[in-house]
Amino acid sequence: SSTSSPGRLPRPPPSRLQPNMNVLVVYGSETGTTKRKVKAIEKAWGSRAGKKFGSVTVKSGDEAAADFASIKDTYDAIVIGVSSFGDGDPPEGYQLFLAELYKPSKTEGEEVVRKPLEGMQHAVLGFGSTVYETYQNCPRLTDKLLEDVGSRRMLQRLEIDEMAAGGEQKEIDAWEGKLFDLLNKGSPADAKKAPSNKWDEGEFANDSGKCDVDDRDELVLQLQGSSGGGSTMPLIAVLVVVVAVAVGYLYQTGALT
């Protein structure tokens, strides 16, 4: 049996110590606004008194996509800050990450057969403008797909309207404050709990009470096609150079006249 000094509580066994939550923050930003907001949250968390959770790492979507296979083993929570571009498409530097979220659902029809982020938790901060019909499409799609691949939604998505009259920063501050408390008090084991809410719930829901989203599953095929073409063209170029050098050498040696 364990003993303790008089007046001092015994230290709990290691199995009862709450593990730290290591956080990955991923951003997709076309104009730089989303990136600045995300970096501001990281800076605020780093200097805030009472922080108990672990490391906070910030990466662009494409950077996170390059390490996608190891995300689950490195982090416990993933926070996304992203906007939409054009007709609801992912912004610059985020396409590859969205494609990674889609890939598991494309292995066998429409059914998700792999859950590469199972055991993780997430929260999404979306930026957009209500002048577009595809308002918040990429943030909503990201939120949905994260759940599809196994992550648990730990806080309802915040949707920031850039056309609003003001007060957006107060909304962001309140949202990240709630998230800070959840990360402080939570543990990786919370990933087994029910999600905080459904992905299609939100302030800007349609008349049926649900948030609209336009699928972008064709993005995976486009990116796979372009990456396939990108790997073939350099090889062709090298072969052309090799053949040209060989022909030149044969001419110089008189083998070809």
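This briefing covers the fold, the nonpolar cores, the aromatic pairs and one buried arginine of a single chain. The model is predicted. The chain has 257 residues, and 40% of them are buried. Its secondary structure consists of seven helices and six strands.

**Overall fold**

- Read from the N terminus, the elements follow the order β-α-β-α-α-β-α-β-α-β-β-α-α.
- Of the contacts in the chain with a separation of 6 or more, 80% are between residues 24 or more positions apart.
- The chain has an accessible surface of about 14500 Å², and carbon and sulfur atoms account for 54% of that surface.

**Nonpolar cores**

- The largest nonpolar core contains 24 residues. Those with the most contacts inside this core are V23, W45, F53, L125, W175, L179 and L183.
- Strands and helices both feed this core: β1 (23-28), β2 (56-60), β3 (77-83), β4 (121-128) and β6 (158-161), together with α1 (33-47) and α6 (168-185), supply at least two residues each.
- The biggest contribution to this core is from α6, which gives five residues.
- Another core, of 23 residues, lies apart from the largest one. Its members include V26, V82, V124 and L141.

**Aromatic pairs and the surroundings of F53**

- There are five aromatic pairs in the structure.
- One of them joins W45 and F53, with 5.6 Å from centre to centre and 85° between the planes, an edge-to-face arrangement.
- W45 counts as buried because its relative accessible area is 1%, under the 20% limit. F53 falls under that limit too, so it is also buried, with a relative accessible area of 4%.
- In the pair of Y94 and F97, the ring centres are 5.6 Å apart and the planes stand at 50°, so this pair is tilted. Planes over 60 degrees apart would count as edge-to-face and those under 30 degrees as stacked.
- Y94 is buried, with a relative accessible area of 0%. F97 is likewise buried, at 0% relative accessibility.
- W45, F53 and F180 belong to one aromatic cluster.
- Leaving out residues up to four places away in sequence, F53 touches N20, M21, V23, W45, F180, L183 and N184. Among these, V23, W45 and L183 are also listed with F53 as residues with the most contacts inside the largest core.

**Charges over rings of the cluster**

- Two members of the aromatic cluster, F53 and F180, are taken up here with the charged side chains placed over their rings.
- K51 has its charged end over the ring of F53, 4.5 Å from the ring centre.
- R48 has its charged end over the ring of F180, at 4.8 Å from the centre.

**The buried arginine R157**

- Where does R157 lie? R157 is in the loop between β5 (152-153) and β6.
- Is R157 buried or exposed? R157 has 6% relative accessibility, so it counts as buried.
- The side chain of R157 makes a polar contact of 2.7 Å with the side chain of D143.
- Not counting residues up to four places away in sequence, R157 touches V124, P139, R140, D143, W175, W199, E201 and C211.
- Two of these neighbours appear in the core lists above: W175 is named in the largest core, and V124 is among the residues of the other core.

Definitions and conventions. Residues are numbered from 1 along each chain as its sequence is written. This is a predicted model: local features need pLDDT of at least 70, side-chain atom pairs count only at pLDDT 80 or more; totals for chains, interfaces and linings use all residues. Side-chain values use heavy atoms; hydrogens and water are left out. Helices (H or I, at least four residues) and strands (E, at least two) are DSSP runs, numbered from the N terminus. Buried means under 20% relative accessible area, exposed over 50%, partly exposed in between (1.4 Å probe, protein chains only). Contact means heavy atoms within 4.5 Å. Accessible areas come from the Shrake-Rupley method with a 1.4 Å probe; for residues, only the protein chains shown count as cover. Rings of Phe, Tyr and Trp (its six-membered ring) pair if their centres lie within 6.5 Å; planes under 30 degrees apart count as stacked, over 60 as edge-to-face and the rest as tilted. A charge sits over a ring if NZ of Lys or CZ of Arg is within 6 Å of the ring centre and within 35 degrees of the ring normal. A nonpolar core is a set of buried Ala, Val, Leu, Ile, Met, Phe, Trp, Tyr and Cys residues joined through side-chain atoms within 4.5 Å. A polar contact is a pair of N or O atoms within 3.5 Å; within protein, one must be able to donate a hydrogen and the other to accept it, and residues adjacent in sequence count only if both atoms are side-chain atoms.
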